[in-house]
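Please open the model in your viewer and keep the selection box handy. We will go from stop to stop, and at each one you will hear what to pick and what is there.

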Amino acid sequence: MGTRTLPGVEGKAVKPSGNAVSKPEALLSLQLRATKIEPPATEYVFHPERRWRFDFAWPSRRIAVEIEGGIATGGRHVRPAGFREDTVKYNEATLAGWHLLRVLPDDVKSGRALLLIERALATFPLEPTARD
């Protein structure tokens, strides 16, 4: 882990460049490292034209995780403009074949997010091109 994507370039991963990591993201990273789960890409750019990113992604399986923060504080994800933009992003991800898991910080703290990730990885096999 510890990689992030190059802004604007679909699927390119580079080292972090000062982007802040939320507490739930840091906790999920620790939880993932403590398991035998394959390491995800972080801040993965999935769209060829937009700079949309997933918090965590397993590109070879088209599985992504978004931690939806700011619910109690009125953060960006729950304000009207942010909610609308997230809807567009998530629909585009679905149309591009991604399996998106949306979790809350409480899901990370309780371990529910980790269980969902394990189920998703068991459910969705590697993409055919990833096996070649």
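Start by selecting helix H1 together with its surroundings: the cover over the buried residues of H1 includes S3, S4, S5, helix H3 (105–110) and H4. Keep in mind throughout that this is a predicted model.

**Around helix H1**

Now colour the residues of H1 that are buried: Pro-24, Glu-25, Leu-28, Ser-29, Gln-31 and Leu-32. They sit on the same side of H1, because the arc they cover around the axis is only 165°. Turn to the other side of H1 and you will find Lys-23, Leu-30 and Arg-33 exposed.

Pick Glu-25 next, still in helix H1. With a relative accessibility of 10%, Glu-25 counts as buried. A polar atom of the Glu-25 side chain lies 3.0 Å from the backbone nitrogen of Ser-22. Beyond four places in sequence, Glu-25 touches Ala-20, Glu-43, Asp-55, Phe-56 and Ile-67.

**Zoom out for a moment**

Show the whole protein chain as a cartoon: there are 5 helices and 6 strands. Following the sequence, you should trace the pattern β-β-α-β-β-β-α-β-α-α-α. The chain has 132 residues, and 36% of them count as buried. Among contacts between residues at least 6 apart in sequence, 59% join residues at least 24 apart. Switch on a surface if you like: the chain exposes about 7,700 Å², with carbon and sulfur atoms supplying 56% of it.

**The nonpolar cores**

In soluble globular proteins, nonpolar side chains tend to be buried together. Here the largest nonpolar core has 16 residues, and Leu-28, Leu-32, Trp-58, Val-65 and Ile-117 have the most contacts inside it. Two or more residues each come from helix H1 (23–33), strand S4 (53–58), S5, strand S6 (99–103) and H4. Which element gives the most to this core? That is H4, with 5 residues.

Select Leu-28 and expand to its contacts. Apart from neighbours within four places in sequence, Leu-28 is in contact with Phe-56, Val-65, Ile-67, Val-108, Ala-113 and Ile-117. A second, separate core has 9 residues, among them Trp-52, Phe-54, Ala-64 and Ala-93.

**Glu-66 and Lys-89**

Move on to Glu-66, in strand S5 (residues 63–67). Is Glu-66 buried or exposed? At 3% relative accessibility, Glu-66 counts as buried. Lys-89 forms a salt bridge with Glu-66, and the closest N and O atoms are 3.0 Å apart. This pair links distant parts of the chain, with Lys-89 in helix H2 and Glu-66 in strand S5, 23 residues apart. Lys-89 counts as buried too, at 8% relative accessibility. Display the other residues that Glu-66 touches as well, including Arg-53, Phe-54, Asp-55, Tyr-90 and Leu-100.

**Other salt bridges**

The structure holds 6 salt bridges, so let us visit a couple of others. Select Glu-85 and Arg-50, a salt-bridged pair whose closest N and O atoms are 2.5 Å apart. Glu-85 lies in helix H2 (residues 80–95) and Arg-50 in the loop between S3 and S4, so the pair ties together parts that are 35 residues apart in sequence. Glu-85 is partly exposed at 29% relative accessibility, and Arg-50 is partly exposed with a relative accessible area of 36%.

Then pick Arg-102 and Glu-68, which form a salt bridge with the closest N and O atoms 3.0 Å apart. Arg-102 is in strand S6 and Glu-68 in the loop between S5 and H2, 34 residues apart, and the pair links these distant parts of the chain. Arg-102 is partly exposed, with a relative accessible area of 48%, whereas Glu-68 is buried at 5%.

**His-47 in its loop**

Select His-47, found in the loop between strand S3 (41–45) and S4. His-47 is buried, with a relative accessible area of 13%. What lies around its side chain? The backbone nitrogen of Glu-49 is 3.1 Å from a polar atom of the His-47 side chain, and the backbone nitrogen of Arg-50 lies 3.0 Å from a polar atom of that side chain. Add Glu-92 to the view: 45 residues separate it from His-47 along the chain, and their C-alpha atoms are separated by 8.1 Å.

**Last stop: Phe-124**

Finish at Phe-124, in the loop between helix H4 (112–123) and helix H5 (128–131). Phe-124 is partly exposed, with a relative accessible area of 26%. Leaving out residues up to four places away in sequence, Phe-124 touches Arg-61, Ile-63 and His-99. Draw a C-alpha to C-alpha distance from Phe-124 to Arg-61 and you should get 6.3 Å, for residues 63 apart in sequence.

Notes: Residues numbered from 1 in each chain as written. Predicted model: local features only at pLDDT ≥ 70, side-chain atom pairs only at ≥ 80, totals over all residues. Heavy atoms only, no water. Helix = DSSP H or I, 4+ residues; strand = E, 2+ residues; numbered from the N terminus. Buried < 20%, exposed > 50% of the residue type's maximum accessible area, 1.4 Å probe, protein only. Contact = heavy atoms within 4.5 Å. Core = buried A, V, L, I, M, F, W, Y, C linked by side-chain atoms within 4.5 Å. Polar contact = N/O pair within 3.5 Å; in protein donor to acceptor, adjacent residues only side chain to side chain. Arc of directions from axis to C-beta. Areas by Shrake-Rupley, 256 points an atom, 1.4 Å probe, with all protein chains shown as cover. Salt bridge = Lys/Arg side-chain N within 4 Å of Asp/Glu carboxyl O.
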